[in-house]
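Please work through the following exercises with the sequence and the model side by side. Try each task before reading its solution.

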Amino acid sequence: MSLRFLLGHGNCDLQASAVDEAVAFKQAHPQGKVFFLVPNYNKFVQEQELLQGLKQRQQTPGFSTIDIQVFSFYRLAWYFLQQTGQLTENTISETGSLMILRQVLGELAEELVVFKSEIQKAGFVRQLLDFYQELTGGNLTPADLLANQDFTNPTGPETAKWQDEQAKLAEAAKILTAYQKALNDRDLQVEDPLAVLVNFLQGNLAQDLVAPPDLSETLFIAYGFEELYAQEVQLLQVLLSKADLTMTLLLDRQYTTAPPSSLDLFHATGKIFYQLTQAVQQTNATIAVLPAAKDCTEYPHLVELERFWRLTQNQGQYRPQLSLQDRVHLWKAVTPEEEIRQITAEIKRLLSHDPKLRLKDIQVVTNDLETYGELIPHLFQQAELPFYIDQKATMDQHPLVEFLRTLLDLPRYHYRLEDILQLLKSELFLPKSYLEAAAGQRQQALNQFRRDVDLTENLALKQNFQGYYWLAEQDWPVVRFDFENALQLETGQLPERSNRLRRAFRDQVGTFITELTKAKTGRAACVLLYQFLLDAGVADNLLYWRDEAVKMGQLENARNHEQTWSSLMALMDEYVDIYGEEAFDFELFQEVFSAGLENTAYGKIPATIDQIQINQLTLSRPRQCKVTFAIGLNETNFPQTPGNPSLLTDEERSRLNQVLPEEKFIKEGAGEQNARSPLIAYKLFLSATEQLYLSYAANYDTQQNIQISPYLRRFQTWLKLPLEDRGLLTPEGHPGQYLASYRSAIGQLNNLYRQCEQEKLLIPHVWQRVEQALQESPVAEIAKRAFAGRSHQNLPLAMDPTWPKRFTVKIFMLRYLAWRAFMSVSIGILPPMVCA
């Protein structure tokens with residue numbers, strides 16, 4: 001079998017060459033199969049593009065194939081192992097793994113020394129699980145951390161330096177070995193699918209019910225990889241021993257004798273080339289390098305951009321041959337909000353000037369989705385621009401997660417008013433009495449419930465009702481009192497409505513918490529929680545929310561409600577499997593169900609309709625779209641400073657890789673991540689076939705005078721591109737730079753009027769025309785109300801002369817009320833009298 005490399009720099013059409021390779025193989029082997037192997041993080045997009053390329057080769061209106069597939073490594077494992085029974089259904093989620101690992105740490109607590117103080121720290125269990133998964137990807141077991149004597153028993157001057165690391169690895173191995181044993185004892189899925197696939201293809205599995213497949217007429221094409229784990233390298237070697245393998249790499253030349261320098265632009269992909277050639281030299285497979293992929297000459301500015309970045313990064317001789325000022329734009333904005341606002345205006349301008357340009361031809365990318373992810377939804381909706389954010393969304397902000405967190409916090413702080421109100425305002429708890437009073441009309445019952453919560457909140461805040469008052473059998477005796485005439489008036493509706501809500505809380509929530517704290521086993525506690533969620537109407541309310549979201553066309557929100565409930569049910573099942581027969585530990589129960597869903601991510605369906613794509617900058621690819629806006633490119637975010645939240649330091653990783661055998665290794669630290677930064681930037685700069693916008697904000701929050709990225713400075717130095725200062729709106733500003741929609745024009749006009757008023761200027765004529773257009777637009781009513789605020793003034797009014805007399809309070813009555821409150825609350829002699 002043969003290993004062939006298909007190489008090309010960023011301006012080469014590697015995708016077309018890979019498709020040609022697949023088509024040629026099928027023509028030579030009509031009964032053969034072709035598998036494209038792509039990274040898991042962009043499998044959907046790669047599958048679309050590769051199959052579209054195959055369709056174009058067929059030159060037919062319809063296209064389908066079962067002999068050419070696009071898989072990630074894990075999907076390939078499922079494809080081959082689905083009939084073997086090796087992928088058991090008894091798998092465990094990440095949350096369940098954390099529970100077992102937490103239990104193992106509790107059992108080993110007395111034996112630990114290095115990690116003894118870390119057990120109770122937030123995030124340590126997660127670090128351990130991530131380390132275990134990293135070992136699995138590196139073909140390592142916990143025992144491998146101790147097997148190499150060069151590392152665990154250093155000699156010479158480094159002995160003292162590595163003694164602490166030896167103890168650290170020994171304890172980590174001890175914990176993870178116990179974790180593996182706990183998984184085996186529960187008959188849970190332990191082995192990684194890739195490891196199972198390797199053994200299956202090699203015929204090393206204990207069972208022989210299904211024979212390994214004949215891959216003699218099979219071609220595997222690995223496409224789009226810039227990093228390979230040890231486990232993936234091992235799988236490629238096994239595939240190469242049974243089939244043909246073509247490796248497609250973004251690489252300008254071969255590296256056969258040594259890996260590339262860490263300063264080389266193609267360090268990451270060159271390392272893969274060297275890694276695979278060294279591994280294959282020990283086998284009988286042949287190695288060949290195919291002719292380089294063809295250059296894409298239809299975009300001259302991309303040819304110039306590619307030369308510029310490759311040569312300047314690799315210390316080559318670069319001389320500009322083409323001006324890029326009409327294709328590449330450098331922007332400096334005042335704030336991130338203003339940066340996004342002007343980008344929306346520019347998008348509208350581009351769409352109006354080019355009828356063929358569609359929303360899906362435009363992408364916005366950033367390394368700082370934490371900041372920009374909060375601004376983009378509001379500003380893009382205001383600009384009436386459909387968008388899709390390709391960002392992992394977790395369940396930590398879902399009302400059900402907040403409800404569980406607050407519910408289990410109630411006994412910890414003895415029914416603090418803040419927690420009670422947060423629980424009620426989640427609107428997941430809706431007492432049956434409200435539904436019965438509303439004849440089953442949920443919205444009507446919910447409206448009444450909201451009014452009662454608001455009234456009760458006012459009363460509870462006024463009288464500081466918390467703790468005992470919410471659980472007592474006795475109702476709140478609210479008394480209306482005329483202080484001026486010292487007369488007690490009739491009780492109004494306030495106590496009736498507040499006490500109805502309080503009784504429902506006491507009977508359902510209070511009773512549940514009392515029973516939960518008395519549970520004997522984990523299973524009993526879980527049953528109590530599940531029954532409470534049904535009785536309190538939580539499940540019905542989630543279904544109601546889902547149905548309402550579907551009616552309004554908010555399908556993603558509807559799916560999120562379903563997924564959160566399903567995840568909670570799965571969490572309950574795993575809790576019962578792990579802790580079901582053990583003595584109930586309320587603190588552990590609280591930790592699991594308060595935090596168990598926080599890091600669970602929603603499953604998202606990739607966008608397929610006409611929308612602007614909001615992506616992570618690291619996912620950029622050459623010729624990905626027509627227009628790219630790369631935002632937040634300051635000196636901190638581009639290149640991004642790598643962090644190391646893992647259990648091992650960068651030095652420990654480097655040392656460990658030096659002494660491990662070639663087939664076993666773990667990811668390098670910050671140095672390796674830094675070496676990839678120029679390649680990430682290279683792909684970004686080549687991602688737009690028409691217009692490329694590179695921008696940053698000079699101020700954000702407390703940070704002032706933020707500097708431009710050093711990568712963008714290179715554009716200024718070598719390409720002589722100007723940095724355009726996209727400042728705030730001023731009377732001299734043109735509307736085209738600041739307005740994206742009628743709705744966004746309202747705020748900008750009000751801002752402009754304030755400036756002109758302060759500077760004693762007349763508003764420019766062009767902006768007066770904008771205001772006239774607004775008054776005839778679909779948002780005319782909103783604009784009218786907003787513009788009315790320009791002349792409105794809050795002036796103090798004269799006091800009604802009768803008010804002082806009406807609010808006169810006799811001193812003796814205040815003293816009497818203070819005495820009664822003291823006797824009832826502090827001593828408990830009298831019931832409290834509440835004055836409304």
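The exercises below go from two sheets to helix pairs, a ring pair and a loop residue.

The structure is a predicted model, in which local features need pLDDT of at least 70 and side-chain atom pairs count only at pLDDT 80 or more, while totals for chains, interfaces and linings use all residues. Residues are numbered from 1 along each chain as its sequence is written, and side-chain values use heavy atoms, with hydrogens and water left out.

**Exercise 1. The sheet of 6 strands**

Task: Find the order of the 6 strands in the open sheet and name the edge strands.

Solution: Begin with the elements themselves: helices (H or I, at least four residues) and strands (E, at least two) are DSSP runs, numbered from the N terminus. Two strands pair if DSSP finds at least two bridges between them. Following the pairs across gives the order β3-β2-β4-β5-β1-β6, with parallel pairing. At the edges are β3 (68-71) and β6 (286-289), each of which pairs on one side only. From one strand to the next, the twist averages 20°. Looking at one pair in detail, β2 and β3 are joined in the parallel sense over 4 bridges, and F36 stands opposite V70 in β3. Finally, helix α1 (residues 14-28) packs on this sheet, where contact means heavy atoms within 4.5 Å, and α1 touches β1 (2-8), β2, β3, β4 and β5 (244-250). The direction of α1 makes about 175° with that of β4; such angles run from 0 to 180 degrees between N-to-C directions, and axes are lines fitted to C-alpha atoms, for helices over the stretch in contact.

**Exercise 2. The sheet of 7 strands**

Task: Describe the open sheet of 7 strands in the same steps.

Solution: The strand order is β9-β12-β8-β13-β14-β7-β15, and the pairing is parallel. The edge strands, each pairing on one side only, are β9 (387-389) and β15 (723-726), and the twist averages 25° from one strand to the next. Within the sheet, β13 (residues 625-631) and β14 (residues 688-697) pair in the parallel sense over 5 bridges, with F629 opposite Y693 in β14. Helix α14 (residues 369-382) packs on the sheet and touches β8 (362-366), β9, β12 (612-616), β13 and β14, its direction making about 160° with that of β9.

**Exercise 3. Three helix pairs**

Task: Work out how α29 packs with α31, how α4 packs with α5, and how α15 packs with α23.

Solution: Angles under 35 degrees count as roughly parallel, over 145 as roughly antiparallel, 65 to 115 as roughly perpendicular and the rest as oblique.

- Helix α29 (residues 742-758) and helix α31 (residues 780-788) have axes 10 Å apart at an angle of about 15°, which makes α29 roughly parallel to α31. The contact joins R743, I746, L749 and N750 of α29 to I782, A783, A786 and F787 of α31.
- Helix α4 (residues 94-108) and helix α5 (residues 124-137) cross at roughly 110°, their axes coming within 10 Å, and α4 is therefore roughly perpendicular to α5. In this contact E94, S97, L98, L101, R102 and L105 of α4 meet F124, V125, R126, L128, L129 and Q133 of α5.
- Helix α15 (residues 399-409) and helix α23 (residues 555-579) pack at about 40° with axes 9 Å apart, so α15 and α23 are oblique to each other. Here L400, V401 and L404 of α15 meet T564, W565 and L568 of α23.

**Exercise 4. A pair of rings**

Task: Decide how the rings of F35 and F220 are arranged.

Solution: Rings of Phe, Tyr and Trp (its six-membered ring) pair if their centres lie within 6.5 Å, and planes under 30 degrees apart count as stacked, over 60 as edge-to-face and the rest as tilted. By this rule there are 37 aromatic pairs. For F35 and F220 the centres are 5.2 Å apart and the planes are at 15°, so the pair is stacked. Because F35 lies in strand β2 (residues 33-37) and F220 in strand β4 (residues 218-223), the pair ties together parts that are 185 residues apart in sequence.

**Exercise 5. A loop residue**

Task: Locate Q704 and say which residues it touches.

Solution: Q704 is placed in the loop between β14 and α27 (710-718). Not counting residues up to four places away in sequence, Q704 touches A698 and N699. The C-alpha atoms of Q704 and V334 are separated by 9.7 Å, although these residues are 370 apart along the chain.
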